[in-house]
Amino acid sequence: MKFLCCGGNKGNMTVNVNGSSGENKKEAEAEGAKHGLGIRHLQTFLLFFALAVAYAQRVNLSVAVVAMTDAAEANPHFPEYKWPEKTKSLLLSSFFWGYVLTQVPSGQLARKFGGKITLLTGLSICSVLNILTPLFAKLGGWQLVCALRVVEGLSQGVVFPSVHTLLSAWVPPNERPVLGTAAYAGNQFGTIIMLATSGLLASSSAGWPSIFYISGGVGCIWAILFFIWGASSPAHYKKISAEELKMIEMTQANEATSEQPKEQMHTPWLSFFTSPAFLALIASHSANNWGFWTLLTEIPSYMKNVLGKDIKSNALLSALPYAAMFVMSFIFSAIAMWLNKRNCISTVASRKLFNSIGLWVPMCALIGLAYVSSDQSNLAVILLTITVGFNGSCYLGFQINHIDLSPNFAGILMGITNCVGNIMSIIAPLLVGFIVNNEHDVEQWRVVFFIAAAIYLVGNGLFIIFGRANVQPWNDPPSKPRRHSTPQVESQH
């Protein structure tokens, strides 16, 4: 057990059963701080770039479909497709059909073959398919575009498990809050850029196809850069300095209790699903996705029909909440770094604090949004911005907790929680459609917001009660027995 005193010496206040390993870890952290920027920061930037590309490609159809179905409003010199609302909804949801399917297998593949290979393969395929989208629409209509989006979802299913696998290999434990946030901020950066520029691209001389050409082309550029400079682990990067390699290996060695290679470890599936800490992580991730996608898909309709303000008519206004989330994530990261340097808070307390900010502040804002009247549209935009902006604090909560629990299986854990979380992303809009029969009825929308707020409350409540931030015993399972060896009972504890 660790007793921390704000401003005190963390090393002196910690009882370490591993002897001198705590001193070695402290020396390694000091060495890393002395050398400043290194190859691990380059890898973090490449991951930021990867997630920006992934999210830009994920949301590009949602903004391009407006011009594709109403070319006269953007540029009449390009094809127009008379797709009804049901068809557009089908196209927008088709990405997630494939996305959910590859989450868990991707974590296993990333651990076996390396995060670089799986991430590079998945985003390269998705980038090429993005470039082909206008051609597919011309040749096969919405049916071919729908099939293409399913394959894009399948290929992007590798992204989060691969990124988590790479972060667990490259980032020292004391730098996870900062570098983890820096990498995952790419999500919002890609969303902001796509929302803010889509209108300009669609009305330009290149027309709506340029939305797909540019997002796909940038993805191809990233693939080339990542092929040259990306690596699955510090040991696979030839030009890393001996000092930085030693620092990363020493700080991560403190978390390991087994010396067997990751590739030889069997995956302790039963231990995952009997671990209260991991089940709480699933609950928190699912709650976050429920609220996030309820807002992303339904708030524009609420603001148009209840408040009389169509948020999609203004690209910059649409991007505002995500710009707030992007900025707030770095503010929260700076606070976490300051607390860490001052030794004011333990890791588990830090995870629970920032997760609570990321889920319970939006919970309160959602309740407030439910009572905003139609003549208070500016207040509604402020509350929406607070809801999404403060959600960026979750990057320092559940988002990196997978690596805390199990550096060896972080990618698989992310695949599992992201799979369940994205099932919630599919169910949430369907439930809204079931509840809201009259889009102008404030009472029906109030039920939607209360449900999202309640899920935020329960999800984070479980994380506070059962969440942990220490490496779990099943991170280093016994080696898998050979086929002809005598069966042995393995402890799942």
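Trainee: In this predicted model, what does buried mean as a relative accessible area?

Mentor: The model is a prediction, and each residue is classed by its relative accessible area with a 1.4 Å probe, protein chains only. Exposed stands for over 50%, with partly exposed in between. Buried means under 20%.

Trainee: Are R176 and D404 buried or exposed?

Mentor: R176 and D404 form a salt bridge, with the closest N and O atoms 3.6 Å apart. R176 belongs to helix α8 (residues 176–203) and D404 to helix α16 (residues 401–405), so the bridge ties together parts 228 residues apart in sequence. As for their class, R176 and D404 are both buried.

Trainee: Which arginine forms a salt bridge with D404 at 2.5 Å between the closest N and O atoms?

Mentor: The arginine sought lies in helix α14 (residues 347–370), 53 residues from D404 in helix α16, and the pair links distant parts of the chain. This arginine is buried, as is D404. With 2.5 Å between the closest N and O atoms, the partner is R351.

Trainee: How far apart are N and O in the salt bridge of E152 and R149?

Mentor: Both residues lie in helix α6 (residues 115–156), and because they are three residues apart, about one helical turn separates them. E152 counts as buried because its relative accessibility is 0%, and R149 counts as buried at 3%. Their side chains meet with an N to O distance of 3.1 Å.

Trainee: How many salt bridges does a search of the whole structure find?

Mentor: Side chains of opposite charge can pair when their charged atoms come close. Here the cut-off is 4 Å between a side-chain nitrogen of Lys or Arg and a carboxyl oxygen of Asp or Glu. Among the residues involved, R40, E175 and E244 are joined into one network by bridges that share partners. The search of the whole structure gives seven.

Trainee: Why do F45 and F48 count as stacked?

Mentor: Aromatic pairs number 29 by the ring rule. For F45 and F48, the ring centres are 6.5 Å apart, and planes under 30 degrees apart count as stacked. Both residues lie in helix α3 (residues 39–68), three residues apart, or about one turn of the helix. The pair is stacked because the angle between its planes is 20 degrees.

Trainee: What kind of aromatic pair do F292 and W293 form?

Mentor: F292 is buried, with a relative accessible area of 12%, and W293 counts as buried at 9%. Their rings are 5.7 Å apart centre to centre, with 80 degrees between the planes. Planes over 60 degrees apart fall in the class needed here, and the pair is edge-to-face.

Trainee: Which residues do ring pairs link into a cluster with F45 and F48?

Mentor: F48 counts as buried because its relative accessibility is 15%. Ring pairs link F45 and F48 into a cluster with F49, F189, F326 and F330.

Trainee: Over which rings does the charged end of R58 sit?

Mentor: One ring has its centre 4.3 Å from the charged end of R58 and belongs to Y55. At 4.5 Å from the charged end of R58 is the centre of the ring of Y99. The rings are those of Y55 and Y99.

Trainee: What is the accessible area of the nonpolar surface patch that includes L457?

Mentor: L457 lies in helix α18 (residues 442–466) and counts as partly exposed because its relative accessibility is 43%. The patch consists of L457, V458, L462, I465 and F466. Together their accessible area is about 440 Å².

How values were computed: Residues are numbered from 1 along each chain as its sequence is written. This is a predicted model: local features need pLDDT of at least 70, side-chain atom pairs count only at pLDDT 80 or more; totals for chains, interfaces and linings use all residues. Side-chain values use heavy atoms; hydrogens and water are left out. Patches are made of residues with over 30% relative accessible area and no salt bridge: like charges are joined within 9 Å, nonpolar side chains (Val, Leu, Ile, Met, Phe, Trp, Tyr) within 5 Å. Accessible areas come from the Shrake-Rupley method with a 1.4 Å probe; for residues, only the protein chains shown count as cover. Helices (H or I, at least four residues) and strands (E, at least two) are DSSP runs, numbered from the N terminus. Rings of Phe, Tyr and Trp (its six-membered ring) pair if their centres lie within 6.5 Å; planes under 30 degrees apart count as stacked, over 60 as edge-to-face and the rest as tilted. A charge sits over a ring if NZ of Lys or CZ of Arg is within 6 Å of the ring centre and within 35 degrees of the ring normal.
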